[in-house]
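User: I am new to this structure. Please walk me through the labels used for it, and tell me what backs each one.

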Amino acid sequence: MAVCHNCNEDAYGMVLNALGHKWHPQCFVCSQCKLELAGKTFYKGKDGKPLCEDDYADMKCPNCAGCKDRIYGEVLSAMNLKWHVKCFACTECMQPFEQGRVYVNQGKPYCLKDYEKKFLGGKKKPKNCKGCNKDIVNRWVEALGGSWHPECFICSQCSSQLHGNSFFKEEEIPFCAKCAHEANRQCTSVES
């Protein structure tokens, strides 16, 4: 005679075969919440004990940053968060992102069109930095007829940061106040 894996008593009458063991139907329960699992979806926990769907999901499945539901299938990781593939879309138009181009503002993802409309007043996002000529992704400074990464907008002589400070220009070349005065340059003062 078989023995129930849970209560160690003789298993007679209706017996369940699950997880390589025999169980009384009333003894086949979730090891966490004690929900009876006979006839229900269940999973094998790390310890080999049965888990109900909810407790398994609590242990294994992250919540989607978009819809807040659990993710049971494919998980997309972006912006240090977990998403359903269908939920990772532009905050405004809800369309998926073209060629993986995502623009983030205050922790929310946007497509280029909606990012430009919402945060740039409809102006086009600049493509390249005037200082390093690399792609500008999210933040930039507009000065001297161009767009700069904040860290690239520096004094052309001593390399000190100019973003957020007054600066001087000579023939569209930026200088900090100290370098402009030390060299006795014929500069124009500009507020950043």
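Analyst: One caution before we start. This is a predicted model. Leaving aside neighbours within four places in sequence, Phe 153 is in contact with Val 141, Ala 143, Leu 144, Trp 148, Ser 160, Gln 161, Leu 162, His 163, Phe 167 and Pro 174.

User: Which residues touch the most other members of the largest nonpolar core?

Analyst: They are Ala 143, Trp 148 and Phe 153, in a core of 30 residues. Strand S9 (141–143), S11 and helix H3 (177–182) are the elements that each give two or more residues to this core. Another core, of seven residues, lies apart from it. Among its members are Trp 23, Phe 28, Cys 30 and Leu 51. As a general tendency, nonpolar side chains in soluble globular proteins are buried together.

User: Why is His 149 called buried?

Analyst: Its relative accessibility is 12%. Buried means under 20%. The value falls under the cut-off, so His 149 counts as buried.

User: Where is His 149 in the chain, and what is it in contact with?

Analyst: His 149 sits in the loop between strand S10 (146–148) and strand S11 (167–170). Beyond its neighbours within four places in sequence, its contacts are Cys 129, Cys 132, Lys 134, Asp 135, Ile 136 and Arg 139. For Asp 135 there is also a distance: its backbone oxygen lies 3.1 Å from a polar atom of the His 149 side chain.

User: What makes Arg 70 and Asp 54 a salt bridge?

Analyst: Their closest N and O atoms are 3.8 Å apart. The cut-off is within 4 Å, between a side-chain nitrogen of Lys or Arg and a carboxyl oxygen of Asp or Glu. The pair meets it, so it is called a salt bridge. Arg 70 lies in the loop between helix H1 (53–60) and strand S5 (76–78), and Asp 54 lies in helix H1, so the pair ties together parts that are 16 residues apart in sequence.

User: Are Arg 70 and Asp 54 buried or exposed?

Analyst: Each is partly exposed. Arg 70 has a relative accessible area of 24%, and Asp 54 has 47%. The partly exposed range runs between 20% and 50%, so both values earn that label.

User: How do you know that Glu 92 and Lys 118 form a salt bridge?

Analyst: Their N to O distance is 3.3 Å. That is within 4 Å, so the label holds. The pair links distant parts of the chain, 26 residues apart. Glu 92 is in the loop between strand S6 (81–83) and strand S7 (103–105), and Lys 118 is in helix H2 (residues 112–119). Glu 92 is partly exposed at 40%, as is Lys 118 at 46%.

User: What makes Glu 172 and Lys 169 a salt bridge, and how many are there by this rule?

Analyst: Glu 172 and Lys 169 meet at 3.2 Å, N to O. This is also within 4 Å, so the pair counts. Glu 172 is partly exposed at 39%, and Lys 169 is partly exposed at 24%. Salt bridges that share partners also join Asp 54, Asp 58 and Arg 70 into one network. The count by this rule is six salt bridges.

User: How many cavities of 30 Å³ or more does a search of the whole structure find, and which residues line the largest?

Analyst: The search finds one. The largest cavity has a volume of about 50 Å³. Its lining is Lys 44, Gly 45, Lys 46, Leu 51, Tyr 56, Met 59 and Lys 60. H1 gives the most to this lining, with three residues.

Key:
Residues are numbered from 1 along each chain as its sequence is written. This is a predicted model: local features need pLDDT of at least 70, side-chain atom pairs count only at pLDDT 80 or more; totals for chains, interfaces and linings use all residues. Side-chain values use heavy atoms; hydrogens and water are left out. Helices (H or I, at least four residues) and strands (E, at least two) are DSSP runs, numbered from the N terminus. Buried means under 20% relative accessible area, exposed over 50%, partly exposed in between (1.4 Å probe, protein chains only). A polar contact is a pair of N or O atoms within 3.5 Å; within protein, one must be able to donate a hydrogen and the other to accept it, and residues adjacent in sequence count only if both atoms are side-chain atoms. Contact means heavy atoms within 4.5 Å. A nonpolar core is a set of buried Ala, Val, Leu, Ile, Met, Phe, Trp, Tyr and Cys residues joined through side-chain atoms within 4.5 Å. On a 1 Å grid over the protein atoms alone, a cavity is a set of points where a 1.4 Å probe fits but cannot get out, and a pocket is an open set with protein on both sides within 12 Å along at least five of seven lines; lining residues have an atom within 4 Å of a point. Grid points are joined across faces, edges and corners, and a volume is the space filled by probe spheres set on the points.
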